[in-house]
Amino acid sequence: MEHIVIIGNGIAGVTAARHIRKLSDKKITIISAETDYFFSRTALMYVYMGHMKFEHTQPYENWFWKKNRINLKKAYVNKVDTDTNTLYFAEGDSLQYDKLIIATGSKPNKFGWPGQDLKGVMGMYHKQDLEQLEVFAPNNKVCQRAVIVGGGLIGIELAEMLNSRDIPVTFLVRESSFWNIVLPNGESEMLNRHIKNHHIDLRLSSNLKEIKSDKNGQVSSVIIEETGEEIPCNVVGLTAGVSPNIDFLKDSKIEINRGVKVNRFLETNIPNIYAIGDCAEQHEAIGNRRPIEAVWYTGRMMGETLAQTICGNRMAYKPGHWFNSAKFLDIEYQTYGWVFGDVGRPDYEKHFHWKHDDDTKCITIAYHKDTKEFLGITTFGIRMRHETFDRWLTEKRNVDYVINHLSEANFDPEFYSRFEDKILSTYKAQQPSLAS
Amino acid sequence: MNTAKPSMSLTKPEAFDLTTKQKLSTALGVIGLIILLLAAFNVEFPNKPIFLALSLLMITAGVILFTNDLYAGKHPGIKNDGVMFKSITSRGLWAWITGIALTSFYIILYFKATWLGLGTNGAENTGLVALFDPLSKLLNGGPASQWFVYGTLYTVAILIFGYKFLMKYKHNRYEQLRTYSVMFFQLGFAFLIPEFMARLNSDSFSLPYYDLKNIWPLNYYNFEQYRVDSMISAGDIGLGILIFGVLSIFVITPILTYKYGKRWYCSWVCGCGGLAETSGDAFRHLSDKRQSAWKIERWVVHSVVVFVTLMTTAVIYSYLGDDSSKYWLTKNVFLISVASLLTLVFALVMIFKRAQIAKDAKYGAIGYMVIILALVGLHYFNGSQLFLFKAEPLRQTYGFLIGSIFSGVIGTGFYPIFGNRVWCRFGCPMAAILGFQQRLFSRFRITTNGGQCISCGNCSTYCEMGIDVRAYAQKGENIVRSSCVGCGICSAVCPRGVLKLENDSLKGRINPNDILLGNDVDLMDLVYQK
Ligand SMILES: Cc1cc2nc3c(=O)[nH]c(=O)nc-3n(C[C@H](O)[C@H](O)[C@H](O)COP(=O)(O)OP(=O)(O)OC[C@H]3O[C@@H](n4cnc5c(N)ncnc54)[C@H](O)[C@@H]3O)c2cc1C
Ligand code: SF4
Ligand code: SF4
C-alpha cells in the first residue's frame with residue numbers, strides 16, 4: 001500500500017489527509033512536533049483569554065484519527081533524504097515514505113533585533129508560545145507592561161489577549177496607520193481609534209531598535225528607533241509577520257526560496273514531494289495573490305486540491321475569488337474580492353467608502369474607474385454573505401448593481417439594524433450623475 | 001473534548017477575580033438569600049411583607065449591581081473573558097457548592113415541602129412558605145404553597161438574570177428581543193395570569209392552575225381527569241382553555257415550528273428555556289459535545305416521548321367511558337384516533353423524508369412499533385391496565401422520574417456541572433417532538449457562510465445543546481439539527497461571521513458541502529458530481 005507521509009498537522013496537512021482518506025485506502029501518517037492532535041491555531045488567543053480550554057480548539061475528537069486510519073506521530077523532522085525517500089527525526093528514528101507532503105506552516109519573523117532571543121521575548125504562533133506567555137504574562141503583577149512589535153492580525157490579537165488580563169500594552173506599528181498596507185484609509189483610521197479606545201498604547205510610525213535585558217537575561221525594556229524612547233516592559237511580543245518554517249530542508253535537494261517552491265499542481269522539484277499551506281511558495285503568484293499565502297483558507301483549499309492529485313486526479317491549485325476575515329477587538333472584518341490599501345493599489349481601482357456615525361461600522365467598495373466593474377468589498381461591523389459576493393464577482397457585476405442590491409448580501413443576525421438605505425443615499429450623493 | 005481538565009494556566013489570573021464592587025453586590029444578594037434561609041429554619045420575622053420585600057429586593061439589587069459593574073461602561077461585544085478560569089463557571093469549588101445547594105432545594109421542594117413550612121391538613125403555613133403568604137394573598141387571595149414560593153423565586157430569577165443577559169448582549173438585537181420575550185412570558189403567562197385566574201375561582205367555579213403557554217407533553221398532567229373535569233365544568237372559559245390546549249398541540253405548534261423552527265418556543269416562550277437562558281447562561285459551555293453524548297441524547301429523549309405518549313394515552317383511556325351514546329369520545333374511539341394519527345405521521349415521514357433520516361429511520365420505526373403494540377395491549381386488557389402497569393402508577397412514575405427528578409433536580413440543580421440545558425436536551429418530550437418537526441419540516445436552519453469558518457470552536461463551546469456546530473460550519477454545511485433551540489449564541493460568539501439563524505425555503509436547506517466555497521468552480525463541480 002502506498003504510504004503518504006505528511007509533515008505538519010495544521011489545517012493544510014490535516015485537510016489533505018482527510019480527503020485522501022475519503023478518496024482512497026492509502027496508508028497515511030501525519031507528523032508534528034507541536035501537538036499530539038490537530039488544533040485550530042486561529043483559536044489560540046481564546047485559550048489565554050479564558051473563552052475556551054485548549055481541548056475546545058481541537059476540531060476532531062481523539063478517536064477520529066484511529067477510526068479513519070490516520071496515523072499520528074509526534075516527532076521533529078530533522079532531515080529529508082529524497083534519494084532514499086526517508087525522513088530522519090530529531091528523536092533518532094526514521095520513516096520511509098512513498099509520497100511526502102510538506103505542510104510545516106510558518107514561524108514568527110525575527111529581523112535580527114538586538115535582544116530578540118531574551119527570555120520574555122516571544123512570537124505568537126505555536127502552542128509553545130502560548131505556554132510561554134502563561135509563564136511570562138500570567139497577570140499584571142508578573143508582567144507590568146508588554147510591548148508588541150508589528151501591527152498585523154496576530155499583533156492585534158496579542159494586544160487583545162493581554163488586555164483581557166489587564167496587562168498594559170504598548171503596540172509598536174511601523175506604518176503610519178494600523179495595517180494600512182492592506183486596509184483602505186477609512187478602515188485603518190477607524191481602527192486606530194478603536195484600539196486607543198481599548199486603552200492600548202498604540203504607537204504609529206514606530207520601529208523597534210533594540211530589546212534590553214535585566215541581569216537574569218530577561219527583557220527589561222525596549223527602545224524605539226524613531227524617538228529613542230525607552231519603554232520598560234516584561235514581555236515583548238514579536239508579531240511582525242511570519243515566514244515559512246522550512247529551515248530543516250536547507251540541506252535537502254528540495255528547491256526552496258523563502259518557502260518550498262511549488263508549481264500550480266503544488267508539486268516541488270522532486271516528483272513525489274509536494275508542499276501546501278503556509279510553507280508553499282508559488283513560482284508565480286496567482287492573480288493578485290501573494291506567492292506565499294499564509295491564511296487558513298488557502299491551506300485548506302490546497303489540502304483539498306492536493307488530495308485529488310495524490311489520488312490519481314492531477315489537479316492544479318486554482319483558488320476562486322479572494323476572501324478573508326478577522327476580528328479587531330470588538331469589530332469584525334470581512335473582505336471579498338480585492339480592495340487595496342494605499343500600497344500597491346492599481347491606478348484603475350476606485351473606492352466608495354461609507355462609515356457609520358458610531359465609528360464601529362464601515363464599508364469600502366472597490367470598482368474599476370472606467371468600466372465600473374465591481375472588484376471587491378471590505379466591511380467592518382457588518383456581516384456579508386460569502387456566496388452572494390462570490391457570485392457577483394463571477395458575474396462581473398458593476399458597482400451600481402452591487403450597491404443597489406446590498407441587502408441581498410447581508411448576513412447579520414436577525415433584527416439587526418440595516419444600513420443599506422444609508423449606504424445607497426451616500427453613494428448617490430457622491431455620484432450626482434446617478435441622482436436623476 | 002469536554003473534559004474537566006484544568007486549563008493551561010495553573011492558577012486563575014487575577015484579572016478574572018471579582019472586583020470589590022462585585023464582591024459587595026454578591027454579599028448583598030447572599031444576605032437576601034439568608035433571610036429566606038432563616039425563614040426556612042423557622043425564624044419568625046415580625047413583619048413578613050417587609051422582610052419578604054427586603055429579601056427579594058436585596059437579591060435583585062445584588063444581581064443588578066453586580067451586572068452593572070461587570071458590563072456597564074464596557075464596549076459592546078462578546079464578554080466571555082475568564083469563563084474557563086472562574087471557579088463557578090468551570091466546575092470548580094463554587095460550582096459544586098451551588099450545584100449541591102440547588103439540588104438539595106429541589107429535593108426538599110418536591111418531596112419534603114413540609115420542611116419549607118407548608119401547612120398540611122388545613123394547618124397554617126410556617127417558615128419559608130409563610131413568609132410568602134402576604135404576596136400570595138395579594139395576588140390570588142389565598143395562602144402560599146411551596147409552588148407559589150418556587151414560582152416567585154423562579155420568576156425573579158428569570159427577571160434579574162434576564163437583566164444580566166440583556167447587558168451582556170447589548171450589541172445583539174436578536175438576543176435582546178428573545179430575552180424580553182422570555183421575561184414577559186414568565187412574568188405574565190406563567191406567574192401573574194394563573195394567579196389572577198385562581199382569584200376567579202369560587203365554590204361553583206374552579207379552573208385548574210393553568211399556564212397557557214405550557215403545552216402538552218411538557219405539562220404532561222394537562223389531560224388528567226381532575227383537570228379535564230374541572231375545565232369542562234367551568235363552562236365556556238374552561239372549555240375554551242381545554243380547546244386551546246388541544247389546538248396548541250395540533251395546530252399552533254406545528255405552524256409556528258414550520259415557520260420559525262422550535263426556537264419560537266424553546267428560547268422565546270418556554271419557562272424552562274427561559275431559566276436556562278437567563279440564570280443558566282453562565283453555564284452554557286458545560287454541555288457535553290462528544291458524539292457519544294449525542295447518541296445517548298437521542299435514545300433518552302425519544303424514550304421519554306414514547307413514555308409520555310403512552311402514559312397520557314393510558315391516563316385518558318382510563319377515565320373515558322365505553323358507551324358511545326353518552327359521549328362520542330369512548331375508550332375505543334380514542335385509542336383508534338391515537339393509533340391512526342401516529343400511523344399517519346409515521347407513514348408521511350417514511351414516504352417523503354426517508355432520505356433525510358436514513359440512519360435514524362430504524363429507531364423511529366422501533367419507537368413507533370412500541371407505541372402501537374402498547375396501544376393494542378391497552379385495548380386487549382380493556383381496563384385501566386397497560387400490559388402489567390396500571391395507568392395511575394404509570395403517571396406517578398412519570399411524574400416522579402421525569403417531572404421531578406429529571407426536569408428539576410438534575411435539569412436545574414446541576415446547571416453548574418452539566419450545563420443549563422440538560423433537561424431540554426435529554427429529557428424534554430416537547431423539545432423532542434418540536435425537534436422532530438424542525439429536522440424534517442421547517443424553514444429554520446443555521447446557514448453557514450461559505451468558506452469563512454476558521455474552525456476556532458467558539459460556536460461549539462458555547463452551544464448549550466452540545467451541538468458540534470463547528471463540525472458543520474467548517475464543512476460549509478448548514479446546521480439542521482433537531483435539538484437546536486435557536487438561542488443564537490453560536491452566531492453571536494463566532495468571530496468570523498459564519499453563522500446566521502434564518503427562516504428560508506425548504507429547498508437547499510440541507511446542503512452537505514464537502515469542498516467549500518473559495519476553490520475554483522472546477523473542483524467544486526467535480527465533487528458535487530460524485
Ligand atoms: C494567532 C494566529 C491567528 C491566526 N488567525 C487567522 C485567521 O483568523 N484567519 C486566517 O485565515 N488565518 C489565520 N492565521 C493563520 C493560519 O493559522 C495559518 O495560515 C494556518 O494555520 C497555516 O496552516 P498550515 O497547515 O500551513 O501550517 P501550521 O498550522 O503552522 O502547521 C504546521 C505544523 O507543522 C509542524 N512542523 C513544522 N516543521 C516541522 C518539522 N520539521 N517536523 C515536525 N513538525 C513540524 C509545526 O509545528 C506545526 O504544528 C492565524 C495564525 C495565528 C498564529
Ligand atoms: S446550534 Fe446555535 S442556536 Fe442552536 S442551540 Fe446551539 S448555540 Fe443555540
Ligand atoms: S463557525 Fe465561527 S465560531 Fe464556529 S468554528 Fe467556525 S469561525 Fe469559529
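Which residues are around ligand 2? To find out, select ligand 2 in this predicted model and display its surroundings, where you will meet Ile446(B), Cys463(B), Met465(B), Ile467(B), Val469(B), Cys484(B), Val485(B), Gly486(B), Cys487(B), Gly488(B) and Cys490(B). If you colour this shell by class, nine residues come out as nonpolar and two as polar, while no charged residues appear.

Next, select ligand 3, which has 13 residues around it; those that come nearest are Cys453(B), Cys456(B), Gly457(B), Cys459(B) and Cys494(B). With the ribbon switched on, look for α19 (458-462) and α20 (469-473) of chain B, the elements that give two or more residues to this shell. By class, the shell around ligand 3 has nine nonpolar and three polar residues, together with one charged residue.

Now turn to the boundary between the chains, where 73 residues of chain A are in contact with 74 residues of chain B. The size of an interface is often given as the accessible area lost when the parts come together. For chain A and chain B the buried area is about 5900 Å², with 49% of it on carbon and sulfur atoms. Three salt bridges are counted between chain A and chain B. To see a salt bridge in detail, select Arg263(B) and Glu414(A), whose closest N and O atoms are 2.8 Å apart.

From there, move to the largest nonpolar core, which has 121 residues, and pick out Leu87(A), Leu133(A), Leu162(A) and Phe389(A), the ones that touch the most other members. Helix α7 (residues 296-310) of chain A gives the most to this core, contributing seven residues. In soluble globular proteins, nonpolar side chains tend to be buried together. Centre the view on Leu133(A) and, leaving aside neighbours within four places in sequence, show its contacts, which are Tyr48(A), Met122(A), Met124(A), Pro138(A), Leu158(A), Met161(A), Leu162(A) and Val235(A). A second, separate core has 85 residues, including Met84(B), Tyr265(B), Cys270(B) and Tyr398(B).

For the last stop, select Asp133(B), which is found in helix α5 (residues 133-140) of chain B. Is Asp133(B) buried or exposed? Asp133(B) counts as buried because its relative accessibility is 11%, and the cut-off for buried is under 20%. Leaving aside neighbours within four places in sequence, Asp133(B) is in contact with Asn125(B), Gly142(B), Pro143(B) and Ala144(B). Finally, add Lys48(B) to the selection: Asp133(B) and Lys48(B) are 85 residues apart in sequence, and their C-alpha atoms are 8.3 Å apart in space.

Technical notes: Residues numbered from 1 in each chain as written. Chains lettered and ligands numbered in written order. Predicted model: local features only at pLDDT ≥ 70, side-chain atom pairs only at ≥ 80, totals over all residues. Heavy atoms only, no water. Core = buried A, V, L, I, M, F, W, Y, C linked by side-chain atoms within 4.5 Å. Buried < 20%, exposed > 50% of the residue type's maximum accessible area, 1.4 Å probe, protein only. Helix = DSSP H or I, 4+ residues; strand = E, 2+ residues; numbered from the N terminus. Contact = heavy atoms within 4.5 Å. Near = heavy atom within 4 Å. Nonpolar A, V, L, I, M, F, W, Y, C, P; charged D, E, K, R; others polar. Buried area = accessible area lost by both parts, 1.4 Å probe. Salt bridge = Lys/Arg side-chain N within 4 Å of Asp/Glu carboxyl O.
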